[in-house]
Amino acid sequence: MQQEEMHGGRYVRYTCRFEIAIANDEEFRIVRRLRGANGCNMIRIKEMCGGENEHAVKRSLETTKLFLRGKGSGFREGPMQVESQEPLSINVQSRFYDKYRVACDLVQELILNVYEEYKVFCAKFQRKPANDFDMMVKKEETASRPEPVPELPPNIFEGGIVPNM
């Protein structure tokens, strides 16, 4: 089993947000195309990044997580359980850098394939592509870093500083 990457005794979490340049609509249904039938595209990507088993998923020990968020995603979040009004995106998270890279590459490939389908769809139905649609994959990568440990306070002895002896 691979070791999770650690920094200062805490896990590092790698995150990538892929912005989707096409809004979800009833005709093209990009969310459905990204997810695949019964979520098969997301499941395939997760399996290729380590093959979570049923027990690992139940214990939230997944090595790679994928989220489809934003307008049209159907993903409800926060205490109010509402869909985010941010642009549609796929988010990848992992504590394992190599699995994170594989997932990011597969998500990028999926997005490009769906963008190709969109071009064909627009040509077939003589539809103008979405504004500023340029087939570019826009992504933002981050790695969470643990907060620095504050310096320890001086030794305290019941309300006072212990003198050096």
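A residue is called buried when its relative accessible area is under 20%, exposed when it is over 50%, and partly exposed in between (1.4 Å probe, protein chains only). The legends below describe a predicted model, in which local features need a pLDDT of at least 70 and side-chain atom pairs count only at pLDDT 80 or more, while totals for chains, interfaces and linings use all residues. Residues are numbered from 1 along each chain as its sequence is written, and side-chain values use heavy atoms, with hydrogens and water left out.

**View 1. The protein chain combines four helices with 10 strands.** Helices (DSSP H or I, at least four residues) and strands (E, at least two residues) are numbered from the N terminus. Read from that terminus, the order of elements is β-β-β-α-α-α-β-β-β-β-α-β-β-β. The chain has 165 residues, of which 33% are buried. Its accessible surface, computed by the Shrake-Rupley method with a 1.4 Å probe, is about 11,400 Å², and carbon and sulfur atoms account for 52% of this area. A contact requires heavy atoms within 4.5 Å. Among contacts with a separation of 6 or more, 63% join residues 24 or more positions apart.

**View 2. The largest nonpolar core contains 32 residues.** Such a core is a set of buried Ala, Val, Leu, Ile, Met, Phe, Trp, Tyr and Cys residues joined through side-chain atoms within 4.5 Å. In soluble globular proteins, nonpolar side chains tend to be buried together. Here, the residues with the most contacts inside the core are F18, I30, L34, I90 and I111. Strand 3, helix 1, helix 2, strand 4, strand 7 and helix 4 each supply at least two of the core residues. Helix 4 makes the greatest contribution, with 12 residues. For I30, the contacts beyond four places in sequence are with I20, I22, A23, N24, L88 and V114.

**View 3. Helix 2 carries its buried residues on one side.** This helix spans residues 40-48, and N41, M42 and I45 are buried within it. These residues lie on the same side of helix 2 because they cover an arc of only 100° around the axis, the arc being that of the directions from the helix axis to the C-beta atoms. The elements that cover the buried residues of helix 2 include helix 1, strand 4, strand 7 and helix 4. Just after helix 2, G50 adopts a positive phi of about 140°.

**View 4. N91 is a buried residue of the protein chain.** N91 is part of strand 7, and its relative accessibility is 8%. Which residues does N91 contact, leaving aside its neighbours within four places in sequence? The partners of N91 are C16, R17, F18, K65, L66, F67 and R69.

**View 5. C16 and C49 are cysteines outside any disulfide.** A disulfide is a pair of cysteine sulfur atoms within 2.5 Å, and the count under this rule is zero. For C16, the nearest cysteine sulfur belongs to C104, at 4.1 Å. For C49, the nearest cysteine sulfur is likewise that of C104, at 8.6 Å. C16 is buried, with a relative accessibility of 0%, and C49 is buried as well, at 3%.

**View 6. A salt bridge joins R127 and D25.** A salt bridge places a side-chain nitrogen of Lys or Arg within 4 Å of a carboxyl oxygen of Asp or Glu. By this rule there are nine salt bridges. The side chains of R127 and D25 form one of these, with N and O 2.4 Å apart. R127 lies in the loop between helix 4 (97-124) and strand 8 (138-144), and D25 in the loop between strand 3 (13-19) and helix 1 (30-35), so the pair ties together parts that are 102 residues apart in sequence. R127 is partly exposed, at 27% relative accessible area, whereas D25 is buried, at 18%.

**View 7. R69 forms salt bridges with E77 and with E86.** The closest N and O atoms of E77 and R69 are 2.7 Å apart; for E86 and R69, the N to O distance is 3.6 Å. The pair of E86 and R69 links distant parts of the chain, 17 residues apart: E86 is in the loop between strand 6 (82-83) and strand 7 (89-94), and R69 is in strand 4 (residues 64-69). Salt bridges with shared partners join R17, E19, R69, E77 and E86 into one network. Within this group, R69 is buried, with a relative accessible area of 16%. E77 is partly exposed at 25% relative accessibility, and E86 is partly exposed at 36%.
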